[in-house]
Amino acid sequence: MDNVRVIEVKRSIFESNDLDADKLRKELKESKTFLLNLMSSPGSGKTTTLTRTIELLKDKYRIGVMEADIDSDVDAKTIAATGVKSIQLHTGGMCHLDADMTRQGIKELGVEDVDFAVLENVGNLVCPAEFDTGSTKNAMILSVPEGHDKPLKYPLMFSICDVVLINKIDVMPYFDFDLEKCKENILFRNPNAKIIPICAKTGEGMKEWADWLSAQIDLSIK
Amino acid sequence: MHELGVVFHIIDDLTEVGRENEIKKVHSVTIQLGEVSGVVPGYLTDAWKWAANRTELFKDSELIVENLPATTYCEDCKAEYETVKYGRTCPNCGSKKTYLLKGNEFMIKEISAT
């Protein structure tokens, strides 16, 4: 019988993914593609927000969308109806996407003719925050019915986001949602976060969001 | 579900380590888990059993979890305190200007193998 050896590894479990994500970010930069990782809880309005965003930006950029879901292709069908290139990624039960899965998606999507790629991550405020996907920027949507205390409950998600969209502000009168308190809670976790209140349904705030996004894309691909 | 994804990452990483060190069989894997890392040790070891038994290298191996306590630092009064007990607000001076010093770790420490 061979002798049992103890091998010191001393490596963060997220390290290999982090390295892979940095590599993907570099590859995307070289192919002049901006990748937005869009995260939120289920039902916050990701697909509706994305559809409106596409309408606002599709004359300016060549857009491609990757819809990540545990199963089904309902979101991909909605996005395909906007006329932009879209694919469905099935995570096979997994609660998040990592850099390697994102790379496979990027390959399938094909980014030679895409300036602005969107990864619609799995609806979840915990796991996607732990795994860097290699995106250029991270965005998340918090909707009014979810409550203004969410930044305190899911600190990691809010701390890794470059921009937080507060969606469904049209229903604010019907909920105990304190917008100022919400902003304060977000900035407490992440002083650099850009916060934009929107309503994807009525279009309120969508121009500010599209302008912010457009500036980020231009910075990254030009 | 999250724990299972993490387990797949550990297996992938260690398969690479195994190849580099010409390992035939892994007997145990020791990981260090911070108190506020968000990973539930019980779920993690259950997911490990399931996933490890699907591989040749890790079959019947044990996952040993070492827990690391979480500590928070207060920027105002410079005190360090137990994160889980007091949360974000400093128990010394009541300040909210605090940050996590340690307790978020999630590391593969070592493996024993032949």
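From the N terminus on, chain B runs α-β-α-β-β-β-α-β-β, that is, three helices and six strands. Both kinds of element are DSSP runs numbered from the N terminus, helices being H or I with at least four residues and strands being E with at least two. This is a predicted model, in which local features need pLDDT of at least 70, side-chain atom pairs count only at pLDDT 80 or more, and totals for chains, interfaces and linings use all residues. Residues are numbered from 1 along each chain as its sequence is written, while chains are lettered from A and ligands numbered from 1 in the order in which they are written.

**The two chains**

Chain B has a radius of gyration of 18 Å, well over the 13 Å that the globule rule gives for 114 residues, so chain B is more spread out than a compact globule. For the record, the radius is taken over C-alpha atoms, and the globule rule is 2.2 Å times the number of residues to the power 0.38. Chain A, with nine helices and eight strands, comes out otherwise: its 18 Å is close to the 17 Å that the rule gives for 222 residues, so chain A is as compact as a globular protein of that length.

The table puts some whole-chain values together. "Buried" here is 20 or more other C-beta atoms within 10 Å of a residue's own, exposed is 12 or fewer, and partly exposed is in between, with C-beta atoms placed from the backbone. Two residues are in contact if their C-beta atoms, placed from the backbone, lie within 7 Å. The last column takes contacts between residues at least 6 apart in sequence and gives the share that joins residues at least 24 apart.

| Chain | C-alpha box along the principal axes | Buried residues | Contacts at least 24 apart |
|---|---|---|---|
| Chain A | roughly 70 × 40 × 35 Å | 45% of 222 residues | 74% |
| Chain B | roughly 55 × 25 × 15 Å | 27% of 114 residues | 69% |

**Where the chains meet**

How many residues does each chain bring to the contact? Chain A brings 21 residues and chain B brings 20 residues. On the side of chain A, the elements that give two or more residues are strand E1 (5–12) and helix H1. The largest share there, eight residues, comes from E1(A). Sorted by class, that side has 10 nonpolar, six polar and five charged residues. Nonpolar covers Ala, Val, Leu, Ile, Met, Phe, Trp, Tyr, Cys and Pro, charged covers Asp, Glu, Lys and Arg, and polar covers the others, Gly among them.

E1(A) also pairs across the chains: six bridges join it to strand E6 (residues 106–113) of chain B, and the two run antiparallel. Pairing requires at least two bridges found by DSSP between the strands. Arg11(A), for one, has Ile108(B) as its bridge partner in E6(B).

**Inside chain B**

Strands E1 (residues 26–34) and E2 (residues 62–68) of chain B pair in the parallel sense over seven bridges, and Ser28(B) has Glu62(B) as its bridge partner in E2(B). With helix H2 (residues 41–52) of chain B, these two strands make a right-handed β-α-β unit. Right-handed is judged with the strands pointing away from the viewer: the path from the first strand over the helix to the second runs clockwise.

Further along, Lys78(B) lies in the loop between strands E3 (71–74) and E4 (80–82). Its phi is positive, about 65°, although Lys78(B) is not a glycine. Lys78(B) counts as exposed because it has 10 C-beta neighbours inside 10 Å.

**Spots in chain A**

Chain A has a residue of this kind too: Lys32(A), not a glycine, has a positive phi of about 55°. Lys32(A) sits in the loop between helix H1 (15–30) and strand E2 (34–40), and counts as partly exposed because it has 13 C-beta neighbours inside 10 Å.

Is Cys161(A) buried or exposed? Cys161(A) is buried, with 26 other C-beta atoms within 10 Å. Cys161(A) belongs to the loop between helix H7 (155–159) and strand E7 (163–167). Leaving aside neighbours within four places in sequence, Cys161(A) is in contact with Asn138(A), Ala139(A), Met140(A), Asn190(A) and Ala193(A).
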